[in-house]
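This report describes selected features of one protein chain, taking a sheet and its helices, then other packing and aromatic pairs.

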Amino acid sequence: MPSLNELVRHHTNLDSADVEWIHLLVSEWQLLSDLSFADLVLWVPTRDGSRYVSLAQMRPNTGPTSYQDDMVGHLVPRGRRPMLDVALDEGRIVREGDPEWREDVPVRVESIPVRREGRVLGVIARNTNLLTVRTPSRLELTYLQSASDLAQMIAAGSFPFPGEQTDMDASPRVGDGMIRLDADGVVTYASPNALSAYHRLGLNADLVGLHLGKTTAELAPPSRGPVDEALVKLASGWAPRQTEVESGDGVVQLRAIPLKPKGDHIGSLVLLRDVTELRRRERELMTKDATIREIHHRVKNNLQTVAALLRLQSRRMENDAARGALDEAVRRVGSIAIVHETLSQNLDEHVAFDEIADRVLAMVMELSQDGRVTARRSGSFGILSADVATPLAMVLTEILQNALEHAYGPKAGGQVTVRAVRGRMPAADAGWGNSWAAGGSRGEEQLLITVVDDGVGLPEGFDPQRGGNLGLQIVRTLVVGELGGSFDMVPGETGGTRVVLEVPVGSTAP
């Protein structure tokens, strides 16, 4: 289905300001559809004026639809629907005409001109399914009267409200609760849902006959004068605004819509929704997130304390082997602390691992005397979950530390390169090995990590799956056992050693 902008560009002469007005209207017209119990279709004349093109369509949430099919993109010759012609040419709402029959369903059709700055841009066809029409209740009569007022405002170019930024996904809808006010801000009608919402705020009486602004301000917690005055004005419906009112155990979202069908303020619509449970859950989640971040922060502090104690103990050791073992333990604890520090700054259990990898590289490279061995990273690890990031940080620490200890002599220098590639890759990745294609299913995203040094290379007959020191044992255990990946060490293409890791990091769309 073509987008509204594509249809405008291909069929009409509307300028950017006109298109922006139509977008604003379409973002708001669910309100008109629900109040009217009717489908809405927006027709705009084509560039040559010989036809109409349908730019948008809306079905009601409050009644049956009149259109089973999508109308967007349809073209209708001028003259086939006379009510569209009259509304466009005369700039007035057209209601006269007999009902149309569509698939044995009678449909009442009305045409509402869409005006902006004195020009009629198009026409809204309002189509009401008459099959379920019955004697209207007070609620339905209030809905229809409010819809009529909004239709007149659209025809006059005073609705929607320019400059009003409303998140329609989060705003109250007609069915959530509606209050009709007179010109003085006094309630003339309140739907059952609206009355229940105000009872949640603490109101013990009926709303009808009360001044909504003053009543709302009295229910809200005491505050300074200007805040009370602003709440009174908003709840009185004098300006198009949206806010939330919290009182006791209740939270109610309000949206005021002034009604000026003939230019004069005759009253207002106030849409409202009880969001008490929604806000309670949000607060629980915020508290949970804050608690998790605080836990990560404390774990990081505890790990740093452990590392400091190990470092102090290392300095007291006279045995070089014992001192080296403690220094390795310090770096292992430090790599885990880096992950928890990053998690303590995030809102969820995911981290951008590139920053962690760079910090691990810097931490391990401090072992290189006089900076003779350097390290660099290429590629991106992307966003990883904490379950993957923590063991991967330790694995990277062990591999880099192993390269520094065994690949270079006491006075030798060189460079260690860490490369990360993420995704589902072809069988041969530009000479970086074929292990990628062998691991993981087609729908699973993989992370291929290669650590290459230009040192002395592997010893004769070395088996990376069995041999090696404690560090390599840790790597094998974490990569294969905990991360469910694969690990290998092979000679580099031009000397040195290449370590290849393949780790599953989640599922992607096929």
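## The five-stranded sheet

Strand β7 (residues 178-182) is joined to β8 by three bridges, and the two run antiparallel. The model is predicted. Within this pairing, I179 of β7 faces A190 in β8.

β7 also pairs with β11, again in the antiparallel sense, over five bridges. Here the bridge partner of I179 in β11 is V270. V270 is in turn the bridge partner of A256. The pairing of β10 with β11 is antiparallel and extends over eight bridges.

Together these strands belong to an open sheet of five, in the order β8-β7-β11-β10-β9, with antiparallel pairing. Its edge strands are β8 (187-190) and β9 (241-247), each of which pairs on one side only. Averaged over the sheet and ignoring direction, neighbouring strands are turned by 25 degrees against each other. In general, the strands of a sheet pair through backbone hydrogen bonds, either parallel or antiparallel.

How many of the eight residues of β11 are buried? Six of them are, so β11 is largely enclosed by the rest of the structure.

Two helices lie across this sheet. Helix α5 (residues 138-156) lies across β7, β8, β10 (250-259) and β11 (267-274), and runs at about 65 degrees to β7. Helix α6 (residues 192-201) lies across β7, β8, β9, β10 and β11, running at about 130 degrees to β10.

## Aromatic pairs

A pair of aromatic rings is described by the distance of the centres and the angle of the planes. Searching the whole structure gives three aromatic pairs; two of them are tabulated here.

| Pair | Distance of centres | Angle of planes | Type |
|---|---|---|---|
| F37 and Y143 | 5.6 Å | 25 degrees | stacked |
| F159 and F161 | 5.3 Å | 85 degrees | edge-to-face |

F37 and Y143 connect distant parts of the chain, being 106 residues apart. F37 is in the loop between α3 (30-36) and β1 (39-45), while Y143 is in helix α5, the helix that lies across β7, β8, β10 and β11. Both F37 and Y143 are buried. The planes of F37 and Y143 stand at 25 degrees, so this pair counts as stacked; the planes of F159 and F161 stand at 85 degrees, so that pair is edge-to-face.

The residues of the edge-to-face pair are likewise buried: F159 has a relative accessible area of 2%, and F161 has a relative accessibility of 13%.

## Surroundings of T128 and helix α4

F37 also appears in the surroundings of T128. T128 is placed in strand β6 (residues 119-129). Is T128 buried or exposed? Its relative accessibility is 7%, so T128 counts as buried. Leaving aside residues up to four places away in sequence, T128 touches S36, F37, A38, S66, P106, V107, R108 and E110.

Strand β6 is also one of the elements that helix α4 packs against. The buried residues of α4 (residues 82-90) are M83, L84, D85, A87 and L88. These buried residues pack against β1, β2 (51-58), β5 (105-116) and β6. Just after α4, G91 adopts a positive phi of about 65 degrees.

## The contact of α10 with α12

Helix α10 (residues 320-343) and helix α12 (residues 386-406) have axes that come within 9 Å and cross at roughly 145 degrees. The crossing of α10 past α12 is right-handed. On the α10 side, the contact is made by E328, R331, R332, S335, I336, V339 and L343. On the α12 side, A386, A389, T390, A393, M394, T397, E398, Q401 and E405 take part. By type, the residues of this contact divide into seven nonpolar, four polar and five charged.

## A loop residue, F462

Where does F462 lie? F462 is in the loop between β16 (444-453) and α14 (470-482). With a relative accessible area of 25%, F462 is partly exposed. From F462 to M489 the separation is 27 residues in sequence and 9.3 Å in space, C-alpha to C-alpha.

Conventions. Residues are numbered from 1 along each chain as its sequence is written. This is a predicted model: local features need pLDDT of at least 70, side-chain atom pairs count only at pLDDT 80 or more; totals for chains, interfaces and linings use all residues. Side-chain values use heavy atoms; hydrogens and water are left out. Helices (H or I, at least four residues) and strands (E, at least two) are DSSP runs, numbered from the N terminus. Buried means under 20% relative accessible area, exposed over 50%, partly exposed in between (1.4 Å probe, protein chains only). Contact means heavy atoms within 4.5 Å. Axes are lines fitted to C-alpha atoms, for helices over the stretch in contact, and angles run from 0 to 180 degrees between N-to-C directions. A crossing is left-handed if the near helix is turned anticlockwise from the far one by less than a right angle, and right-handed if clockwise. Ala, Val, Leu, Ile, Met, Phe, Trp, Tyr, Cys and Pro count as nonpolar, Asp, Glu, Lys and Arg as charged, and the others, Gly among them, as polar. Two strands pair if DSSP finds at least two bridges between them. Rings of Phe, Tyr and Trp (its six-membered ring) pair if their centres lie within 6.5 Å; planes under 30 degrees apart count as stacked, over 60 as edge-to-face and the rest as tilted.
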